[in-house]
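Here are a few exercises to work through with the model open in your viewer. Try each task before reading its solution.

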Amino acid sequence: MDLQSEPEVIDLGGRTVIPGFIDTHNHILAYAQLLDFVNCSSPLNKNIEDILQAIKAKIDLTKEGEWVQGFGYDDTMLEEKRHLTREELDRFAPNHPVAIAHISGHLAVVNSKALSLAGLEDNVEDPDAGYYGRDENGKLNGVLFESAAMQPVMNVLPVASKEQMIAQLGRAAKHYLAQGITTNTDAAVGMLGDPEKEIQVHTEAARQGINPMRSRLMIMHNLLQKGMRFEDYTAEELDKELIDKSNENVRLDSAKLFQDGSIQAFTAALREPYYSGSKEKAKIFQKQDAFNKEILNLHERGFRIAVHGNGDRAIESILDAYAYAIKEAPRKEHKHRIEHVQTAMTKDIKRMEELDVAGSFFINHVYYWGERHAKIFLGPDRASRMNPLAEAVEHNLLFTLHSDCPVTPISPLFSIWAAVNRCTTEGNILGPEQRIDVITALKSMTIYGARLNFDEDNSGSIEVGKRADFVLLDKDPTVIDPIKIKDISVEETWIGGNQVYKQEID
Ligand SMILES: [Zn+2]
């Protein structure tokens, strides 16, 4: 808008305007890739025929000989309680190679065309760390168990070009805008395998306006190590390069590391053993000495650091490393982060406060896995205090919430709902004492995100002098019944004074 002209006054008819959502941890490029794949998950698909029909619909739109890929099938949730077979896929796809990944990521099913492109014949021997599914006559049935058996197919899968990835990112961005997100963080650039291309996809999509959101990038730490692409870069230099290439729409967020895995895979490093199942604690990924040194190196080069830590043992290790770096090279306003922070104990939260470490909490877990955390992975006591947001508030932590999309669906309003209600899939309240109020939850997806992004002067609230990034909601989350917050509609999204999304009303 021309600042000289008279402002336009719009009557919103009782609807609500809030600052644009700032999503500080998700994997938009991974989500973007899945948009071109067939969703074979359940409960969307009740049985094998449902999946076959979904695959057929995609085949009808795909040139002969080109790949059709699916994701998310779960044999345990299908009526037949078994895997699909190559013959079933062949019925609909005699001339298209088809590959469908299982929800676990540990197996896949492919058709005959895919087997032949991968050079897999019935007489192939099983690899050491995996095996091929076979029928009663020893003929391959198309199911490939573990990566060793999937590898021959992986080797011949098409790799998306930069242009294809930019187009995919544009489609994904539309979904994010529809959820009211105006600033977004890719939480692991380099994760898909070609970091240079991933950075170009982000900067070019921003420059061309294909992705209108403001983007922040976490750069995988290995790219910053000796012999790698950014070995000599300071944070300032890398930030400047991203700004220059993107018309100022893409900026550096942090150097990204992982210090453990995931709770539901029993790979999150805990202080006490898992509740059931493996009864192990799982180990931290990197030995403390080497980890301290790498953190110090990044800290000295001016990087803000973000480390994935789900388990309390990993969180302790991350805090040890931050304490070491801060002591060796004191630096104000570092805003180093812990990602997920799911099982932090009170002493960890207190230490985060002392060290001025911020946390981005994976609050959606309380809904999606809360029941299973209580019964299987963590037991009732640890599960009830997972993602301890009330303690984060009590100890004045700078914190945000996230979906980790595509791990859970992207929706800031859903994450706010989860933080305020702590409701599980079965309708129970998990750890009511860790619930937070609506205003604080809203702040964690707006002004706290801006603060975490070192961008408080420009975004995170609606004020004179800040960018006009805001969202129009059909209802006011601060006055409706909190249990209905997730059902509020985002009607419009605006970035820099331009409308970038408007809900279709039918
Ligand atoms: Zn993540």
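**Exercise 1: two lysines with an unusual backbone**

Task: This is a predicted model. Is lysine 81 buried or exposed, and is lysine 335 buried or exposed?

Solution:
- Start with lysine 81: its relative accessible area is 56%. The cut-off for exposed is over 50%, so lysine 81 is exposed.
- Next, locate lysine 81: look in the loop between strand E4 (68–73) and helix H3 (86–92).
- Now lysine 335, which has a relative accessible area of 13%. Buried means under 20%, so lysine 335 is buried.
- Lysine 335 sits in the loop between helix H10 (312–328) and strand E13 (337–340).
- Then check the backbone. Phi is near 55° for lysine 81 and near 50° for lysine 335.
- Why flag those values? Most residues other than glycine have a negative phi.

**Exercise 2: the zinc site**

Task: Find which residues coordinate the zinc ion, then work out where histidine 27 and aspartate 404 lie in the chain.

Solution:
- Pick out the donors: His25 (NE2), His27 (NE2) and Asp404 (OD) coordinate the zinc ion at 2.0 to 2.2 Å.
- Write their spacing in sequence: H-x1-H-x376-D.
- Place the pair. Histidine 27 is in the loop between strand E2 (21–26) and helix H1 (28–34), while aspartate 404 is in the loop between strand E15 (399–401) and helix H16 (412–421). That pair links distant parts of the chain, 377 residues apart.
- Finish with accessibility. Histidine 27 comes out at 9%, so it counts as buried; aspartate 404, at 7%, counts as buried too.

**Exercise 3: cis peptide bonds**

Task: Look at the peptide bonds leading into proline 43 and proline 406. What is omega near in each case?

Solution:
- From serine 42 to proline 43, omega is near 15° and the bond is cis. Proline 43 belongs to the loop between strand E3 (38–39) and helix H2 (48–60).
- From cysteine 405 to proline 406, omega is near 10°, and this bond is cis as well. Proline 406 is in the loop between E15 and H16.
- For context, most peptide bonds are trans.

**Exercise 4: aromatic rings**

Task: How many aromatic pairs does a search of the whole structure find? Classify the pair of tyrosine 31 and tyrosine 176, then the pair of tyrosine 131 and phenylalanine 145.

Solution:
- The search gives 14 aromatic pairs.
- Tyrosine 31 and tyrosine 176 are 5.9 Å centre to centre with 50° between the planes, which makes a tilted pair.
- Tyrosine 31 is in helix H1 and tyrosine 176 in helix H6 (residues 162–178), so this pair ties together parts 145 residues apart in sequence. Both tyrosine 31 and tyrosine 176 are buried.
- For tyrosine 131 and phenylalanine 145, the centres are 4.3 Å apart and the planes at 10°. Planes under 30 degrees apart count as stacked, so this pair is stacked.
- Tyrosine 131 lies in strand E7 (residues 131–134) and phenylalanine 145 in strand E8 (residues 140–145), so the parts tied together are 14 residues apart.
- At 40% relative accessibility, tyrosine 131 is partly exposed, whereas phenylalanine 145, at 16%, is buried.

**Exercise 5: a cluster and a charge**

Task: Which residues form one aromatic cluster, and which ring does the charged end of lysine 486 sit over?

Solution:
- The cluster is made of Tyr367, Tyr368, Trp369, Phe414 and Trp417.
- Lysine 486 has its charged end over the ring of tryptophan 417, 5.3 Å from the ring centre.

Conventions
Residues numbered from 1 in each chain as written. Predicted model: local features only at pLDDT ≥ 70, side-chain atom pairs only at ≥ 80, totals over all residues. Heavy atoms only, no water. Donors = N, O, S within 2.8 Å, 3.2 Å for Na, K, Ca; no water. Helix = DSSP H or I, 4+ residues; strand = E, 2+ residues; numbered from the N terminus. Buried < 20%, exposed > 50% of the residue type's maximum accessible area, 1.4 Å probe, protein only. Phe/Tyr/Trp six-rings, centres within 6.5 Å; stacked < 30°, edge-to-face > 60°. Lys NZ or Arg CZ within 6 Å of the ring centre and 35° of its normal.
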